[in-house]
Amino acid sequence: MKKIFCLVDCDNFYVSCERLFNPALEGKPVVVLSNNDGCIVSRSQEAKALGIPMGAPFFQWEAFFKKHGVIALSSNYPLYGDISSRVMQVLEESAPFVEIYSIDEAWIDLSNCPSPEDFARKLREKIGRWTGIPVTLGIGPTKTLAKSASKIAKKNSSLKGVNLLFDEEETAKVLSSLEIEDVWGIGKKLATKLKDLGIHKAIDLKNADPFKIRKTFSVMLERTVWELRGISCFGFEENIDPPKQILSSQTFGQPLSRLDDLRAATANFVKEAGKKLRRFGLATRRMAVFIRHGSFPGCMESASFCFMEPVEDLMNLLETADNLLQALYKPRRTYTKSGVVLFDLLPRENHQASFWPREGEKEKKYHTLSHLLDELPKPLLRVGTELFGENWRLRAQRKSPSYTSKWEELPVVKA
DNA sequence: TCTGGGGTCCTAGGACCC
DNA sequence: TCTGGGGTCCTAGGACCC
């Protein structure tokens with residue numbers, strides 16, 4: 001049974017979300033910035049046409065934006081998350097199998113679909129009508145070819161958002177026009193190395209000797225070669241695995257030197273990580289805290305701790321992180337970022353019974369506190385360490401309201 | 001002045017075991 | 001005098017993705 005992979009990819013997703021509630025942005029060059037208004041992470045078609053690159057630092061482009069009337073917005077993740085789940089919901093109602101790949105992309109299985117192209121066009125229209133988000137659909141016999149199909153469709157408006165790669169001749173033509181760095185799984189580093197070997201376009205990689213590629217690079221790249229040849233190596237991910245690690249970190253709104261500021265920030269990240277840990281019903285056996293100091297890009301230092309037995313409760317996590325942080329901290333340094341990572345995650349019920357008798361009351365109290373901290377809105381209950389400072393908080397000067405996820409920020413229609 | 005955050009997988013190399 | 005080698009596990013680091 002031949003598989004048919006279809007990638008549904010939202011166009012300029014963050015910008016498209018902003019436009020839903022602010023039609024004045026329509027037809028204008030718009031970009032959305034990363035946390036801290038640091039980098040450009042989403043660009044409208046008009047912004048792309050002006051030559052604004054993905055990932056560029058905002059401050060380097062601020063003057064250019066003024067000159068060309070480019071509108072820059074802070075990112076609004078509650079809004080994007082909510083719109084994303086609406087798009088995914090339409091997919092789940094329409095397709096037999098959906099694998100959510102990221103906030104703005106999903107794979108759907110069209111293997112049993114008699115006419116994939118018709119289906120894709122109708123689905124595209126439905127998503128547009130029901131959510132207001134424009135999408136592009138790329139279809140092919142492998143994930144890598146489906147991804148290539150969508151890449152081409154985004155560049156070529158005459159395809160009207162749907163592109164299929166099955167025909168051998170057509171595929172060869174498309175792969176000849178596709179740069180090697182635009183192939184899924186090939187980043188900057190690999191692209192440079194491949195070009196040194198005379199592999200410039202996707203078609204060159206397709207025609208390369210898979211065995212040689214494996215020897216020179218890795219099995220992953222070998223799989224990409226097979227995928228370009230139409231032999232599927234990356235299937236649908238059927239079961240949703242729990243995460244293998246949980247990370248929470250942020251660049252501070254300004255450089256910090258006081259230990260207490262760092263402690264406040266880090267306590268917040270531990271809280272976020274702990275929340276996620278409990279949401280997945282997991283416990284951790286190893287925690288690392290890292291901090292970055294010095295001028296950009298700066299120097300990372302980290303310290304880690306292995307727990308005697310798996311931990312999920314917040315108080316324990318907070319205390320451990322605080323100790324690690326204090327061990328790392330050196331006065332008179334300027335710190336720009338900190339973060340917490342939880343490793344070696346395992347399901348909570350797999351806990352081995354402790355060798356040592358538990359202190360029942362304390363355990364229970366901590367457990368209750370952890371859950372309260374997860375559930376209650378921020379200002380109601382906070383961990384003491386958090387109160388040591390607010391200086392680390394982000395800048396987000398251009399943020400749109402949380403139109404769909406906060407009552408007090410619902411859009412108002414003026415009479 | 002101002003440069004994101006959250007993940008995954010693979011590989012090489014060291015420690016250790018028999 | 002001869003001075004192994006194969007397997008596994010762990011970790012750090014690098015590359016990629018969005």
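Is asparagine 36 buried or exposed? In this predicted model, asparagine 36 has a relative accessibility of 9% and therefore counts as buried, since the limit for that class is under 20%. The residue belongs to the loop that links β2 (30–33) and β3 (40–43). Its backbone is also noteworthy: phi of asparagine 36 is near 70°, a positive value in a residue other than glycine.

A second residue invites comparison. Phi of arginine 332 is near 65°, again positive in a residue that is not glycine. Arginine 332 is placed in the loop between α13 (314–328) and β12. With 80% relative accessibility, however, arginine 332 counts as exposed, the threshold for that term being over 50%.

The loop that holds arginine 332 leads to β12, which brings the reader to the sheet. Four strands form an open sheet in the order β9-β12-β10-β11, and their pairing is antiparallel. β9 and β11 (299–311) occupy the edges; each has a single partner strand, so one side of each lacks a neighbour in the sheet. From one strand to the next, the twist averages 15°. Between β9 and β12 (residues 335–347), the antiparallel pairing extends over seven bridges, and leucine 256 stands opposite tyrosine 335 in β12. Helix α12 (residues 259–279) packs on this sheet and touches β9, β10 (282–293), β11 and β12. The direction of α12 makes about 155° with that of β9.

The connection between β10 and β11 deserves attention as well. Proline 297 is found in this loop, and a cis peptide bond, with omega about 0°, joins phenylalanine 296 to proline 297.

The edge strand β9 also takes part in the surface near DNA strand B. Six residues of that surface come from β9, the largest share; α11 (219–228) and β9 (246–256) each supply at least two. There are 21 residues around DNA strand B, of which Leu247, Ser249, Gln250, Thr251 and Lys276 come nearest. Of the atoms of DNA strand B that come within 4 Å of the protein, 69% belong to sugar and phosphate. By class, nine residues of the surface are nonpolar, eight polar and four charged.

Backbone atoms of the protein approach the phosphates in several places. A backbone N or O atom of serine 249 lies 2.7 Å from a phosphate oxygen of DNA strand B, and for threonine 251 the distance from a polar backbone atom to a phosphate oxygen is 2.2 Å. At valine 219, a backbone N or O atom is 3.4 Å from a phosphate oxygen of DNA strand B.

Methods:
Residues are numbered from 1 along each chain as its sequence is written. Chains are lettered from A and ligands numbered from 1 in the order in which they are written. This is a predicted model: local features need pLDDT of at least 70, side-chain atom pairs count only at pLDDT 80 or more; totals for chains, interfaces and linings use all residues. Side-chain values use heavy atoms; hydrogens and water are left out. A residue is near a molecule or strand if one of its heavy atoms lies within 4 Å of it. A polar contact is a pair of N or O atoms within 3.5 Å; within protein, one must be able to donate a hydrogen and the other to accept it, and residues adjacent in sequence count only if both atoms are side-chain atoms. Ala, Val, Leu, Ile, Met, Phe, Trp, Tyr, Cys and Pro count as nonpolar, Asp, Glu, Lys and Arg as charged, and the others, Gly among them, as polar. Two strands pair if DSSP finds at least two bridges between them. Axes are lines fitted to C-alpha atoms, for helices over the stretch in contact, and angles run from 0 to 180 degrees between N-to-C directions. Contact means heavy atoms within 4.5 Å. Buried means under 20% relative accessible area, exposed over 50%, partly exposed in between (1.4 Å probe, protein chains only).
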